Amino acid sequence: MKMKVLVFFVATILVAWQCHAYDMFPLRMNTGYGARTPEVRCASWRLAVEAHNIFGFETIPEECVEATKEYIHGEQYRSDSKTVNQQAYFYARDLEVHPKDTFVFSIDGTVLSNIPYYQKHGYGVEKFNSTLYDEWVNKGNAPALPETLKNYNKLVSLGFKIIFLSGRTLDKQAVTEANLKKAGYHTWEKLILKDPQDPSTPNAVSYKTAAREKLIRQGYNIVGIIGDQWSDLLGGHRGESRTFKLPNPLYYIQ
């Protein structure tokens with residue numbers, strides 16, 4: 001009987017200590033989903049977008065507008081972009097470069113920043129308006145994404161061919177070329193834009209896959225692909241490439 005009382009007493013002390021210990025350590029994991037702050041929820045949402053666990057969204061959550069704004073204009077977005085571009089360069093510098101070794105870059109959100117547009121349109125909380133966006137593109141004032149520009153210059157100096165593969169349509173050829181040069185991208189092998197009349201490429205993945213297939217048939221060896229959308233990186237005909245995903249929590253392109 002005394003042994004049972006002793007065991008009960010020790011167990012009670014251990015349970016009480018454990019409960020007290022939870023209060024002693026404020027950094028313990030909070031497993032209550034609803035108890036998370038908007039900042040934490042939005043950071044988790046952004047991570048899930050970048051990991052392609054959340055996709056196909058038309059707008060960002062309304063509660064995440066401020067958090068997205070702070071991320072874009074704070075140090076983290078620039079740091080994330082720098083890390084991705086650095087890894088692309090570290091990979092490239094260790095390669096033996098051959099005449100048609102190529103890096104393929106997307107344009108909007110990858111080499112040219114469209115943050116000035118989204119800054120005026122709710123940081124992704126507004127549904128995409130192609131008319132308004134085309135008006136902005138046609139002004140030709142998109143600035144360079146600075147970390148991508150640094151990487152671009154390093155890749156050019158290493159001897160890689162640079163090909164820009166964009167979802168912009170063919171009628172944007174002149175303004176896109178001028179904007180790229182204005183932003184500091186002075187040389188490239190090809191600028192590939194989308195033919196809106198081509199029924200064989202109904203979405204970004206199929207369009208970019210077909211474009212890469214054509215490049216490979218032309219003898220280019222794609223060693224790297226850099227983009228801000230998963231549709232820049234998915235699909236076939238990627239050659240021997242590694243892919244590098246830049247951050248973009250503002251929108252999703254199928």
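User: When do two strands count as paired, and in what order do the five strands of the open sheet lie?
Analyst: Two strands pair if DSSP finds at least two bridges between them. In this predicted model, the pairing within the five-strand open sheet is parallel, and the twist averages 20° from one strand to the next. The edge strands, each pairing on one side only, are β3 (190–194) and β5 (242–245). The order is β3-β2-β1-β4-β5.

User: Which residue of β4 stands opposite Val104, and what is the bridge partner of that residue in β5?
Analyst: Strand β1 runs parallel to β4, the two being joined by five bridges, and β4 (residues 221–227) is in turn joined to β5 by four bridges, again in parallel. Val104 stands opposite Ile225 in β4. Following Ile225 onward into β5, the bridge partner is Thr243.

User: Are the faces of β1 covered or open, and which residues lie on the side with Val104?
Analyst: In a regular strand the side chains alternate between the two faces of the sheet. Five of the five residues of β1 are buried, and both faces of the strand are covered, with Asp101, Phe103 and Phe105 on one side. On the other side lie Thr102 and Val104.

User: Which helix packs on the sheet touching β1, β2 and β4, and what angle does its direction make with that of β1?
Analyst: Helix α9 (residues 204–217) lies across β1, β2, β3 and β4, running at about 145° to β2. The helix that touches β1 (101–105), β2 (161–169) and β4 is α7 (residues 146–158), and its direction makes with that of β1 an angle of about 165°.

User: How many residues has the largest nonpolar core, and which helix gives the largest share of this core?
Analyst: In soluble globular proteins, nonpolar side chains tend to be buried together. Here the largest nonpolar core has 40 residues, and those with the most contacts inside it include Phe103, Phe105, Val111 and Phe164. The largest share of this core, five residues, comes from helix α4 (residues 75–93).

User: Which cysteines does the disulfide join, and how far apart in sequence are the parts that it ties together?
Analyst: A search of the whole structure finds one disulfide, and it joins Cys42 to Cys64 with an S to S distance of 2.1 Å. The link is left-handed, with -90° about the S-S bond. Because Cys42 lies in helix α2 (residues 38–50) and Cys64 in the loop between α2 and α3 (65–73), the parts tied together are apart in sequence by 22 residues.

User: Are Arg168 and Asp108 buried or exposed, and what is the N to O distance of their salt bridge?
Analyst: Buried means under 20% relative accessible area. Arg168, at 6% relative accessibility, counts as buried, and Asp108 is buried as well, with a relative accessible area of 13%. Arg168 lies in strand β2 and Asp108 in the loop between β1 and α5 (115–119), so the pair ties together parts that are 60 residues apart in sequence. The side chains of Arg168 and Asp108 meet at an N to O distance of 2.8 Å.

User: Which helix holds both Glu213 and Arg217, and how far apart are their closest N and O atoms?
Analyst: Glu213 is partly exposed, with a relative accessible area of 31%, whereas Arg217 is exposed at 61%. Being four residues apart in helix α9, Glu213 and Arg217 are separated by about one helical turn. Their closest N and O atoms, in the salt bridge that they form, are apart by 3.8 Å.

Key. Residues numbered from 1 in each chain as written. Predicted model: local features only at pLDDT ≥ 70, side-chain atom pairs only at ≥ 80, totals over all residues. Heavy atoms only, no water. Axes fitted to C-alpha atoms, helices over the stretch in contact; angles between N-to-C directions. Contact = heavy atoms within 4.5 Å. Disulfide = S-S within 2.5 Å. Core = buried A, V, L, I, M, F, W, Y, C linked by side-chain atoms within 4.5 Å. Buried < 20%, exposed > 50% of the residue type's maximum accessible area, 1.4 Å probe, protein only. Salt bridge = Lys/Arg side-chain N within 4 Å of Asp/Glu carboxyl O.
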